[in-house]
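This briefing takes up two topics, the two sides of one helix and the surroundings of a bound ligand. Please keep the sequence and the structure at hand while reading.

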Amino acid sequence: MPDIIRILVLGGGYGGVEAAKVLAHKIGMRRDIQITLIDKNTDHTLMTELHEVAGGRVDPASVQISFRKIFGARPVTLVTDRIRTIDFEARRAISEAAQYAFDYLVLGVGGEPEYYGIPGIKEHAFTIWSFEDALRIRRHIEDVFRRAAAEKDPAKRSELLTFVVAGAGFTGIELAGELKDQRRVLCRAHHIDEKEVRIIVVEALGAIIPNLPQKLQQKATRYLEKRGVQIMLRSPIVGADQNGVILAGNRSLPARTFVWTCGIQGCEFAANLALTKGKCANRMCRFATTQGTCGVKNCTFSKDRYIEGKRGRLLVNEYMQSVDYPNVYVVGDVAWHLEGKRVNPQIVEAAVQTAETAAHNIIADITNGQMKTFRSRYHGIMVSLGAFSGVAHVMGISLTGILAIGVKHLINVVHLFGTAGVNQVWEYVKHEFLDVKNERSFVGGLASYKVRGYWPLLLRLWLGFMWVVEATNKITQGWLDFSTGTSQTGWMFSKGVIQAGVKIPDATTAASAAASGAAATGAAAVDVTSAASAASGAAAASAAPAVHGPWLDTTKTILDPASGLVTWFRRTVMDGILAYLPYSWFQVMIVFAELLIGLALFGGLFTWWAAVVSIGMCLIFTLSGMFAWNQLWFLFAAILMMGGAGRAFGLDTWVVPFFKRWWNGTRFARKTHFYADEPTK
Ligand SMILES: Cc1cc2nc3c(=O)[nH]c(=O)nc-3n(C[C@H](O)[C@H](O)[C@H](O)COP(=O)(O)OP(=O)(O)OC[C@H]3O[C@@H](n4cnc5c(N)ncnc54)[C@H](O)[C@@H]3O)c2cc1C
């Protein structure tokens with residue numbers, strides 16, 4: 001073994017990221033191991049969400065996560081470079097500007113669209129296989145709508161408003177679903193009748209999304225057709241030109257937008273590597289080379305991919321090692337592995353699982369451990385039909401509608417949590433629900449309307465002022481006069497509990513202290529008043545006709561001070577923990593906390609934190625059985641303040657960006673993924 005073991009992960013897609021993470025987690029702390037991830041981009045692209053960008057549903061940035069964010073403080077060196085070729089004998093990955101030596105290589109360079117040699121497709125079709133592809137489609141669609149609005153020639157207008165999606169696999173269907181939603185938005189914006197817009201899915205086979213059960217295929221077809229998406233089955237495309245799409249049988253579809261989603265192959269970079277490619281294994285295929293089946297129904301589609309070995313995926317053994325070099329592992333879309341009679345599908349789960357196997361086996365090789373063979377555990381497939389519905393087949397269960405789309409969101413959230421922590425989950429929730437435009441989420445615009453920062457300004461000032469008033473009242477009531485100690489704070493604890501630092505007075509002084517304390521504290525005053533009013537109420541009830549009290553007496557505490565919850569809280573937290581704090585500290589703490597919250601809110605400085613502490617205090621007061629209904633606005637106002645209220649006419653405008661920059665560079669944030677935005681290191 002060399003002094004330093006260099007593991008190079010090439011490609012930061014689903015497979016590459018997973019491999020690098022597993023390696024970093026298990027052996028990254030060893031000083032003799034160096035893990036490097038190289039990608040031509042600075043960001044990992046969430047390929048499964050590209051249709052949402054293309055169809056204008058989400059902000060483009062939402063499908064990209066910087067590698068810096070993903071790896072944070074993990075021991076992985078990140079390099080942005082496009083590798084041109086690999087010298088496997090010399091163990092070097094070579095770019096135009098540099099060479100990267102490796103002892104182990106993980107190849108996860110992904111796939112690219114396959115055109116099956118059909119004339120005109122490559123030149124005239126859009127593809128959706130990268131972030132740039134999705135942006136190109138998005139801009140083009142907006143452009144054709146703009147042009148159509150000004151086009152008077154009906155034939156040209158119809159061409160501009162015809163959108164052809166070739167392929168009814170999950171990519172094609174998800175894209176058609178987005179186009180259907182985008183149609184409503186763009187038609188409104190450009191005053192075009194929705195009926196003028198044609199969205200056509202063209203498929204050579206007899207069904208859509210062939211990897212779903214038939215019932216779900218039918219439901220998805222019905223859902224889309226009902227919303228004006230035309231689905232043309234058994235309609236092979238034989239060509240394309242600048243006028244549109246040419247179908248078998250001399251038919252054509254004049255269209256300015258034609259998106260090709262029909263096939264995937266290993267990327268050109270991988271195809272040019274000196275490694276053995278996968279072979280089509282269908283015995284019925286005239287290019288068959290081994291037993292089994294390639295899993296593609298119409299095998300003639302696969303001839304270009306596998307026979308010449310040029311554009312193919314890279315053949316691996318059951319350990320995910322290239323059959324040519326045992327130190328080279330291949331994962332994800334570019335790997336070709338027959339598991340029984342099925343080749344690994346080009347989906348995220350396969351990318352992640354092949355990467356786990358590869359990483360495990362590299363570690364095993366380094367540590368003389370046991371290598372493991374690849375065993376797939378695919379859970380199912382989820383397909384969105386736009387923002388509002390979907391179909392899914394997960395762990396043998398078929399789901400449709402909101403349930404299906406809900407499960408898809410859930411799986412995305414779980415995946416993102418594993419990739420970049422809670423911060424990325426929050427980003428996802430924002431992009432998909434809270435910041436989504438044109439009501440394009442399954443909860444519509446329910447969660448996405450924005451309140452401008454200046455509207456809560458007066459409330460922020462008032463809330464701040466009221467906290468200052470609370471603190472000032474406590475001071476004038478003698479809270480900072482420590483000679484009266486327990487009488488001020490005793491109301492937060494159970495009867496008989498003596499706080500640390502309190503001197504136990506003799507019986508006479510205790511009685512008078514209790515009396516003066518009762519008069520001084522708000523809680524005692526409430527008790528006295530309510531006792532008095534209860535007494536007078538009882539008297540009145542017997543003498544006069546029944547008078548109905550208020551439906552809700554808002555001066556009453558939210559939780560009954562004698563209730564089980566309050567008793568438990570007092571005993572556990574107040575008596576059990578806080579009573580051990582010297583009473584003088586406790587009093588100073590409460591008074592200053594209230595004062596600081598008030599001043600912070602008033603000035604709009606660290607408003608988020610002030611609001612959080614404010615909420616915490618409100619909860620403690622509630623659980624102590626002291627918070628009245630008419631004080632509840634403190635809590636709700638504080639929640640509102642968390643939404644950036646300090647950045648409108650507040651000091652947070654300048655302080656928060658500065659603070660974020662500092663925080664995002666800390667090791668803690670980089671280790672835990674608790675960034676506020678992007679890491680700065
Ligand atoms: C629109 C769309 C929707 C999809 N929907 C789903 C879905 O719903 N469910 C599902 O399971 N799958 C879906 N897929 C498929 C899924 O995205 C792929 O299976 C998955 O991305 C494969 O991961 P990977 O790591 O092999 O490659 P990729 O994710 O493609 O990553 C490859 C990486 O390699 C880098 N790279 C390539 N060449 C070089 C080079 N020469 N030098 C440096 N870096 C390089 C690229 O920049 C890229 O970051 C969808 C795909 C698309 C396009």
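**One helix and the ligand site**

In this predicted model, Gly 564, Trp 568 and Arg 571 are exposed on one side of helix α17, the other side from its buried residues. Those buried residues, within a helix that runs over residues 564-575, are Val 566, Phe 569, Arg 570, Met 574 and Asp 575. They lie on the same side of α17 because they cover an arc of only 145° around the axis.

**Helix α17**
- An α-helix has 3.6 residues a turn, so residues three or four places apart point the same way.
- The cover over the buried residues of α17 includes α18, residues 583-603, and α19, residues 607-623.

**Polar contacts of the ligand**
- A polar side-chain atom of Asp 333 is found 2.8 Å from an oxygen atom of the ligand.
- The backbone also takes part, with a polar backbone atom of Tyr 14 at 3.1 Å from a ligand oxygen atom, and a backbone N or O atom of Ile 347 at 3.3 Å from an oxygen atom of the ligand.
- Taken alone, the ligand exposes 1000 Å², and the protein buries 92% of that area.

**The shell around the ligand**
- The elements giving two or more residues to this shell are α1 (14-27), α7 (170-190) and α11 (348-367).
- There are 30 residues around the ligand, and those that come nearest are Gly 15, Asp 39, Ile 83, Asp 333 and Val 348.
- Sorted by class, the shell holds 13 nonpolar, eleven polar and six charged residues.

Note on methods: Residues are numbered from 1 along each chain as its sequence is written. This is a predicted model: local features need pLDDT of at least 70, side-chain atom pairs count only at pLDDT 80 or more; totals for chains, interfaces and linings use all residues. Side-chain values use heavy atoms; hydrogens and water are left out. Buried means under 20% relative accessible area, exposed over 50%, partly exposed in between (1.4 Å probe, protein chains only). Helices (H or I, at least four residues) and strands (E, at least two) are DSSP runs, numbered from the N terminus. The arc is that of the directions from the helix axis to the C-beta atoms. Contact means heavy atoms within 4.5 Å. A residue is near a molecule or strand if one of its heavy atoms lies within 4 Å of it. A polar contact is a pair of N or O atoms within 3.5 Å; within protein, one must be able to donate a hydrogen and the other to accept it, and residues adjacent in sequence count only if both atoms are side-chain atoms. Accessible areas come from the Shrake-Rupley method with a 1.4 Å probe; for residues, only the protein chains shown count as cover. Ala, Val, Leu, Ile, Met, Phe, Trp, Tyr, Cys and Pro count as nonpolar, Asp, Glu, Lys and Arg as charged, and the others, Gly among them, as polar.
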